[in-house]
Amino acid sequence: MGLAASQGRLLLLTARKSNLELQAQVISQERALLSMQQETIAYDYSQKTNNQIYMISTTGSEKTGERVPLSVAALRSRYNGTDDSGRPLRTDRFQIVDTRTGKTVDLDGLAKTDGSSTTPDGPLQRNLQMGIYIIKTQDHTTADDGTLTEGYEDTWTTISPAGQSEYNLVYYTDDDAGAKAKYDQALSRVQRLDKQLEIKLNQVETQHKAIETEVESVDKVISNNIEGSFKYFS
């Protein structure tokens, strides 16, 4: 191979080598992104399997330990009292206040979301746990002898579910099976893609190594041609 041909070959090999190095860099970046996705998948799974839900005992149920998921209906049963049929009375003796605005939440509107409020992602559960919502209860009228009467005063007391015996926070497990299935599916996809990228990277590295070997060979040919030429003219 002549000097000019060798030089041309070296330029082509150098360009190919640079292209392979760029491919390897891109693949490595894609694998790094997949690693971040895997961390996100693991975090989401951890959140789903460690989420909690407030339970509340309705009137008189502390004695039996019966508790139900916290909802507007359960709060009404607890604080409004019930009629002879066991249905909550209509006058609300409690309020839910949004601490961001200071305004009282519309209980009837919130009650329409009771189906989702009884999950950790529901607005009532989520906002109470985040401290966005607070509960206020209407104070009972106190008689002169210190006993409670049937009436109510116009004052409201803020209560903390964490400090009340009728509330407790328990792990919510109803969504664990679905979270596990979603986690397994997402993790399998990420691992499959990562394996494909690993194989592709190995192929690129193999080609890169082969080209490096050929570059060394062409470099040697060029060096020999230069050396031979100088000897010829000397």
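Is Lys195 buried, exposed or partly exposed? I began my notebook with this residue, keeping in mind that the model is predicted.

**Entry one: Lys195.** I looked up the relative accessibility of Lys195 and found 48%. Partly exposed runs from 20% to 50%, so Lys195 counts as partly exposed at that value. I then traced Lys195 to helix H6, which covers residues 176-233. Next I checked a partner far off in sequence: Arg31 is 164 residues away along the chain, yet 9.3 Å separates its C-alpha atom from that of Lys195.

**Entry two: the cores.** I turned to the largest nonpolar core and found 19 residues in it. Which of its residues touch the most other members? My list reads Leu70, Leu75, Ile96, Leu124, Tyr133 and Tyr167. I also noted the elements that each supply at least two residues of this core: strands S1 (52-56), S3 (94-98) and S5 (133-142), along with helices H2 (72-79), H3 (107-111) and H5 (123-129). H2 gives the most, with 4 residues. I found another core lying apart from this one, with 13 residues, including Leu10, Leu20, Val190 and Val215.

**Entry three: helix H2.** That contribution made me curious about H2 itself. How many of its 8 residues are buried? I found 7, so I wrote H2 down as mostly covered, with buried meaning under 20% relative accessible area. The buried residues are Val72, Ala74, Leu75, Arg76, Ser77, Arg78 and Tyr79. I was pleased to meet Leu75 again, since it is also among the residues touching the most other members of the largest core. Just after H2, I noted that Gly81 takes a positive phi of about 85°.

Technical notes. Residues numbered from 1 in each chain as written. Predicted model: local features only at pLDDT ≥ 70, side-chain atom pairs only at ≥ 80, totals over all residues. Heavy atoms only, no water. Buried < 20%, exposed > 50% of the residue type's maximum accessible area, 1.4 Å probe, protein only. Core = buried A, V, L, I, M, F, W, Y, C linked by side-chain atoms within 4.5 Å.
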